[in-house]
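Me: Could you walk me through this one and show how each label follows from its value? I like to see the cut-offs next to the numbers.

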Amino acid sequence: MFGDYSLGDLGSIFVMQGFAGLILFSVYVLMALGLAIIFGQMGVINMAHGEFMILGAYVTWMTSNFFQSYLPSLFSGYFFLAMILAFVASGALGMLVEWVLIKHLYKRPLDTLLATWGLSLMLQQAYRSVFGAREVGVELPQWMLGSLHVTDSIEVPINGVFVMCLTVLITIVVAYVMYKSRWGRQVRAVVQNRIMAGAVGINTEKVDRYTFGLGCGIAGVAGSAFTMIGSTGPTSGQLYIVDTFLVVVFGGAASLLGTIASAFSISQTQSTLEFFMSGSMAKVLTLLAVVGILMLRPQGLFALKVRK
């Protein structure tokens with residue numbers, strides 16, 4: 001298999017494959033961060049998480065079209081505004097859904113699964129009615145196109161580097177909010193002991209609503225980044241929901257560090273295996289390995305002790 005390649009060529013190929021794994025890792029982290037907050041911190045099985053992500057993608061697409069038509073001179077910077085709008089749109093919809101639907105289903109995880117699955121079907125049909133059934137693509141600014149030449153034989157796509165930088169920034173912000181801010185301490189207090197948190201004056205309903213909104217908002221930003229690597233359609237979110245849940249469960253519920261470690265392990269394993277076999281077989285073997293580890297360690301890589 002490798003007879004036609006020199007050691008230098010093989011090294012370059014492995015480096016490129018490793019970088020592809022880092023891009024996949026970045027996408028997994030962006031998708032899983034919001035779900036880790038919703039599922040890990042709140043215990044809500046949000047099957048509509050992919051649709052919140054796609055809402056962010058559609059917002060980015062609309063922002064791109066608006067700048068192309070009305071503000072072409074500012075088109076090079078539209079993506080930063082699009083990410084903010086995607087976060088606001090998905091977060092606002094998430095808070096509305098929590099207020100109308102989710103708040104009545106706490107302590108009933110299976111009911112949240114069924115309710116959010118129905119919500120995902122409704123959102124898919126809404127997207128199909130508003131935007132059409134065909135997939136759409138976003139026009140990227142000129143500075144996001146092309147590749148960076150690391151060496152004569154190694155090139156890395158600029159949009160991939162941007163996705164990784166965005167992932168690092170969002171992860172740092174989320175970690176600060178959850179572990180250093182006053183609101184983050186309230187969230188962790190509600191997770192560990194809801195009754196006691198309410199007794200000391202924490203508005204648990206408000207914390208729940210903002211937490212759900214934050215998770216959905218991060219999904220919107222993930223959708224915005226998703227437009228750089230794939231096209232957007234009404235059902236695109238369903239293609240990633242299984243991988244996203246797998247990342248969160250494998251990492252350990254309510255663990256930000258576990259989510260990052262899980263995303264890195266799964267993405268690099270899958271990317272490395274794709275060098276030796278087809279993409280579908282690499283994905284199957286990766287899933288089997290994760291399932292096997294979860295059978296030995298059901299709580300995931302990192303587990304948070306929660307008081308009942």
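Reply: Gladly, starting with a pair of helices. The axes of helix H9 (residues 238–251) and helix H10 (residues 256–273) come within 7 Å and cross at roughly 120 degrees, which makes H9 oblique to H10. Please keep in mind that this is a predicted model, where local features need pLDDT of at least 70 and side-chain atom pairs count only at pLDDT 80 or more, while totals for chains, interfaces and linings use all residues. Residues are numbered from 1 along each chain as its sequence is written, and side-chain values use heavy atoms, with hydrogens and water left out.

Me: Why is H9 called oblique to H10?

Reply: Angles under 35 degrees count as roughly parallel, over 145 as roughly antiparallel, 65 to 115 as roughly perpendicular and the rest as oblique. The crossing of H9 and H10 is at roughly 120 degrees, so it falls among the rest and H9 is oblique to H10. The axes themselves are lines fitted to C-alpha atoms, for helices over the stretch in contact, with angles running from 0 to 180 degrees between N-to-C directions. H9 passes H10 in a right-handed crossing (the near helix is turned clockwise from the far one by less than a right angle; anticlockwise would be left-handed).

Me: Which residues make the contact between H9 and H10?

Reply: From H9 they are Leu-246, Val-247, Phe-250 and Gly-251, and from H10 they are Gly-258, Thr-259, Ser-262, Ala-263, Ser-265 and Ile-266 (contact means heavy atoms within 4.5 Å). They divide into five nonpolar, five polar and no charged; here Ala, Val, Leu, Ile, Met, Phe, Trp, Tyr, Cys and Pro count as nonpolar, Asp, Glu, Lys and Arg as charged, and the others, Gly among them, as polar.

Me: How do you know that the span of helix H5 agrees with what is expected?

Reply: The expected span is 1.5 Å times one less than the number of residues. For the 22 residues of H5 (residues 158–179) that should be 32 Å, and the end C-alpha atoms are 32 Å apart, so the two agree. H9 is close to its expected value too: its 14 residues reach 21 Å, against 20 Å. Just after H9, Gly-252 takes a positive phi of about 105 degrees.

Me: What makes H5 roughly perpendicular to helix H6?

Reply: The axes of H5 and H6 (residues 182–192) come within 5 Å and cross at roughly 70 degrees. That value lies in the perpendicular range, so H5 is roughly perpendicular to H6. Val-177, Met-178 and Tyr-179 of H5 meet Trp-183, Gly-184, Arg-185, Val-187 and Arg-188 of H6. By class, this contact has five nonpolar, one polar and two charged residues.

Me: And why are helices H2 and H8 called oblique to each other?

Reply: The axes of H2 (residues 49–70) and H8 (residues 204–226) come within 6 Å and cross at roughly 55 degrees. This angle fits none of the three named ranges, so H2 and H8 are oblique to each other. H2 passes H8 in a right-handed crossing. Among the contact residues are Phe-52, Met-53 and Gly-56 of H2 and Gly-215, Cys-216 and Ala-219 of H8. By class, the contact of H2 with H8 has eight nonpolar, seven polar and no charged residues.

Me: Is Ile-45 buried or exposed?

Reply: Buried means under 20% relative accessible area, exposed over 50%, and partly exposed in between (1.4 Å probe, protein chains only). Ile-45 has 16%, so it counts as buried. Ile-45 lies in the loop between helix H1 (7–42) and H2. Leaving aside neighbours within four places in sequence, Ile-45 is in contact with Phe-39, Pro-109, Thr-112, Leu-113, Thr-116 and Phe-245. Phe-245 is one of the buried residues of H9.

Me: What makes Glu-139 partly exposed?

Reply: Its relative accessibility is 44%, so Glu-139 counts as partly exposed. Glu-139 sits in the loop between helix H4 (109–131) and strand S1 (147–149). Beyond four places in sequence, Glu-139 is in contact with Ser-64, Gln-68, Phe-75 and Tyr-78. Ile-293, in helix H11 (residues 279–296), is partly exposed at 39%.

Me: How many helices and strands does the protein have?

Reply: There are eleven helices and two strands (DSSP runs numbered from the N terminus: H or I of at least four residues for helices, E of at least two for strands). Of the 308 residues, 48% count as buried.
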